[in-house]
Amino acid sequence: MAVRLTLFPVTATPPSSLCSFNPLSRSSSLSGKILSPNSNLPTGVLRATSRRLAFATRSKSVATMAASQEFTGNLKREVEKLFDASLRITVPDGTSVETEVAASLPGKPGDYQCNNAMGLWSIIKGKGTQFRGPPAVGQAISKNLPASEMVETCSVAGPGFVNLVLSSKWMSKSIEKMLIDGIDTWAPTLPVKRAVVDFSSPNIAKEMHVGHLRSTIIGDTLARMLEYSKVEVFRRNHVGDWGTQFGMLIEYLFEKFPDTESVTETAIGDLQTFYKKSKTKFDEDPDFKEKAQKAVVRLQGGDPIYRKAWAKICEISRTEFAKVYQRLKVELEEKGESFYNPYIANVIGELDSKGLIEESEGARVIFLEGFNIPLMVVKSDGGFNYASTDLTALWYRLNEEKAEWIVYVTDVGQQQHFNMFFKAARKAGWLPDSDKTYPRVDHVGFGLVLGDDGKRFRTRSSDVVRLVDLLDEAKTRSKTALIERGKDKEWTPEELDQTAEAVGYGAVKYADLKNNRLTNYTFNFDQMLSDKGNTAVYLLYAHARICSIIRKSGKDIDELKKTEKLALDHPEERALGLHLLRFAETVEEACSNLLPNVLCHYLYDLSERYTSFYSIHQVIGSPEEASRLLLCEATAVVMRKCFHLLGITPVYKI
């Protein structure tokens with residue numbers, strides 16, 4: 001049955017007295033008839049069926065609720081609630097419309113803009129509507145906006161853009177409340193309760209190198225942002241602790257140390273060298289190669305002697321990994337390839353029972369539409385591979401750990417592998433067809449770390465750069481810079497060492513995270529340790545300067561939070577306050593899109609806005625001292641939370 005669509009330009013609750021319509025604020029020419037706030041309503045719009053009246057009544061209730069709700073931290077979400085309430089009245093019953101709200105660009109009118117008018121017009125045009133163009137639709141949306149203390153003014157511009165200006169008084173109260181209740185009250189809420197973040201994942205018996213840097217710090221930041229957003233996160237280290245390489249490692253261990261009980265980290269020495277020597281012998285000695293291949297069979301068959309030797313090698317590797325993770329302040333729980341080994345046969349059996357697995361050249365594979373090659377899940381010799389392990393790990397995470405979102409952080413070179421086994425999981429019915437529906441899986445790919453020559457970052461001898469060496473140099477360079485500034489004479493040795501570590505490691509992390517993860521980036525110590533521009537050093541020093549201003553005031557900031565009020569009377573104060581209030585929506589965007597650089601850009605912009613404020617307005621000794629000290633403290637609090645989410649330790653003095 002055809003339904004006539006009619007817009008209802010009636011208010012849900014009395015609109016803000018400051019709402020107005022400005023037809024000239026966005027565009028010089030407007031199409032269609034524009035209604036001013038005082039225009040008479042088009043005839044016939046109040047002729048509604050009882051069904052429509054019921055819908056309007058329900059919408060009014062929603063609108064009133066939205067107006068009275070307390071600020072929950074995500075400013076954009078709060079604005080969306082207001083416009084959603086308006087659209088539920090403005091949009092005809094039965095028409096599904098998603099609220100389109102965006103932060104206004106710098107220099108544009110308003111703080112937020114609702115962009116639904118043109119889309120709505122395309123739906124109702126020619127279907128008996130009383131309106132004659134998007135501007136009138138925009139006005140209806142504006143007039144139906146619930147009364148709210150959030151709103152200062154509301155205007156319509158151009159082809160129906162609804163521009164909302166927030167109340168500076170409300171903004172001040174919201175920041176004051178955060179200072180008392182804590183920054184965690186601004187945490188966004190995501191549509192999942194439990195997630196797995198699979199990251200770092202080095203191979204046993206190999207040292208961590210610069211190639212592991214990106215996975216480790218990107219994965220850690222994603223986990224931190226999800227945890228802040230009230231998601232239970234399983235931080236998984238899917239180490240390569242199973243496979244054919246262990247045959248040669250174990251046999252080489254037996255040759256060098258017949259009494260494996262006495263083997264220690266010190267005895268083996270450099271694990272990387274140990275691996276290389278065993279690999280050389282494997283390639284050059286046929287007898288050793290045969291022993292190694294038999295050793296794999298005995299290991300996978302559960303031989304206790306070989307299992308014990310394997311466990312010893314893994315233990316030594318874990319000790320080395322733990323040192324790196326401790327320096328980077330990264331927490332992980334290991335569930336390596338070997339953990340899933342007991343489950344593989346049953347998982348392959350389930351896939352086989354669903355008719356997914358076929359024989360191909362002696363191997364067992366899954367053919368997938370859109371791929372030229374099949375996904376091999378059992379090799380021709382009967383052994384399992386990465387695909388069988390990864391499918392089993394996914395099955396375990398979905399069925400045993402009940403994860404709703406599983407995120408894999410590896411280089412972009414593995415994209416096809418993930419695409420294939422994700423598709424196989426969908427074919428098996430483990431995942432929904434839509435990649436945006438939960439339970440959900442995502443591959444977080446990242447580009448290469450390059451040297452100044454534009455090639456993979458390596459040492460002068462063309463070796464891979466060890467991660468411990470890279471961190472050592474970052475700390476050393478940072479410490480040298482601090483000593484050159486005379487800090488060794490002002491601080492204790494412990495303070496100097498801790499600051500050098502915080503700045504050095506922070507510089508390495510931020511230089512990576514500030515880039516879009518999909519791109520390659522050039523590793524350059526001079527650039528990342530610069531105190532100018534978008535670097536961790538600049539941001540850490542900016543935070544320390546804010547802390548210094550608060551200390552020099554001599555005021556008890558905790559007491560000020562209880563007794564004083566914050567005012568955002570000047571443009572620079574207001575711009576800084578608005579940016580602070582956009583923190584939660586930024587974290588949500590970074591989480592939803594799995595892009596840490598979004599948070600980095602927010603942090604740098606926050607520092608720039610603070611600089612603009614402080615360069616113009618005196619803090620200490622001004623009539624507005626108390627208010628501005630509270631604004632300084634709010635900026636420092638948000639900066640510290642950003643640092644925490646990025647895995648960077650803040651510094652408090654420079």
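I take buried to mean under 20% relative accessible area. By that cut-off I count Arg235 as buried, because its relative accessible area is 10%. The model I am reading is a predicted one.

**Entry 1. Arg235 and its partners**

I looked up the charged partner of Arg235 and found Glu227, in a salt bridge with the closest N and O atoms 2.9 Å apart. Glu227 has a relative accessible area of 33%, so I list it as partly exposed. The bridge therefore joins a buried Arg235 to a partly exposed Glu227.

**Entry 2. Other salt bridges**

I noted the general point that side chains of opposite charge can pair when their charged atoms come close. For the model I get a count of 47 salt bridges.

I then went to Arg318, which forms a salt bridge with Glu334 at 2.8 Å between the closest N and O atoms. Arg318 is in helix H11 (residues 304-328) and Glu334 is in strand S7 (residues 333-334), so this pair ties together parts that are 16 residues apart in sequence. I have Arg318 as partly exposed at a relative accessible area of 33%, and Glu334 as partly exposed at 28%.

I also checked Lys335, whose side chain meets that of Glu333 in a salt bridge of 3.4 Å, N to O. Lys335 counts as buried at 11% relative accessibility, whereas Glu333 counts as partly exposed at 39%. As for networks, I found Asp220, Arg224, Glu227 and Arg235 joined into one by salt bridges that share partners.

**Entry 3. Lys354**

I placed Lys354 in the loop between helix H12 (337-353) and strand S8 (357-360). Its relative accessibility is 40%, and I record Lys354 as partly exposed.

Which residues does Lys354 contact, leaving aside neighbours within four places in sequence? I found Ala428 and Trp430. Ala428 is 74 residues from Lys354 along the chain, yet I read 7.1 Å between their C-alpha atoms. A polar atom of the Lys354 side chain lies 2.6 Å from the backbone oxygen of Ala428.

**Entry 4. Helix H13**

I compared the span of helix H13 (residues 386-399) with expectation. Its 14 residues should span 20 Å at 1.5 Å a residue, and I find its end C-alpha atoms 20 Å apart, which agrees.

I looked at the N-terminal end of H13 and found it capped by Asn385, with a side-chain oxygen 3.3 Å from the backbone nitrogen of Ala387. Of the 14 residues of H13, 12 are buried, so I describe the helix as largely enclosed by the rest of the structure. The buried residues include Asp390 and Arg397, and also Leu391, Leu394, Trp395, Tyr396 and Leu398.

**Entry 5. Helix H19**

I ran the same check on helix H19 (residues 536-553), which has 18 residues. From its first C-alpha to its last, H19 reaches 26 Å, close to the 26 Å expected at 1.5 Å a residue. I find 15 of the 18 residues of H19 buried, so this helix too is largely enclosed by the rest of the structure. Just after H19, I noted a positive phi of about 75 degrees at Gly554.

**Entry 6. Nonpolar cores**

I kept in mind that in soluble globular proteins, nonpolar side chains tend to be buried together. The largest nonpolar core here has 154 residues. Which of its members touch the most other members? I list Leu75, Trp186, Leu470, Phe523, Phe583 and Val638. Helix H24 (residues 625-645) gives the most to this core, with 12 residues. Apart from it I found another core, of 34 residues, among them Tyr340, Val377, Trp395 and Tyr396. Trp395 and Tyr396 also appear among the buried residues of H13.

I followed Phe523 further. Not counting residues up to four places away in sequence, Phe523 touches Leu213, Val449, Leu450, Asp452, Phe457, Leu470, Val508 and Met528.

**Entry 7. Whole chain**

I closed with totals for the protein chain, which has 24 helices and 14 strands. Of its 654 residues, 51% are buried. Among contacts with a separation of 6 or more, I find that 74% are between residues 24 or more positions apart. The chain exposes about 29900 Å², and carbon and sulfur atoms supply 50% of that.

Methods:
Residues numbered from 1 in each chain as written. Predicted model: local features only at pLDDT ≥ 70, side-chain atom pairs only at ≥ 80, totals over all residues. Heavy atoms only, no water. Helix = DSSP H or I, 4+ residues; strand = E, 2+ residues; numbered from the N terminus. Buried < 20%, exposed > 50% of the residue type's maximum accessible area, 1.4 Å probe, protein only. Contact = heavy atoms within 4.5 Å. Polar contact = N/O pair within 3.5 Å; in protein donor to acceptor, adjacent residues only side chain to side chain. Core = buried A, V, L, I, M, F, W, Y, C linked by side-chain atoms within 4.5 Å. Expected span 1.5 Å × (residues − 1). Areas by Shrake-Rupley, 256 points an atom, 1.4 Å probe, with all protein chains shown as cover. Salt bridge = Lys/Arg side-chain N within 4 Å of Asp/Glu carboxyl O.
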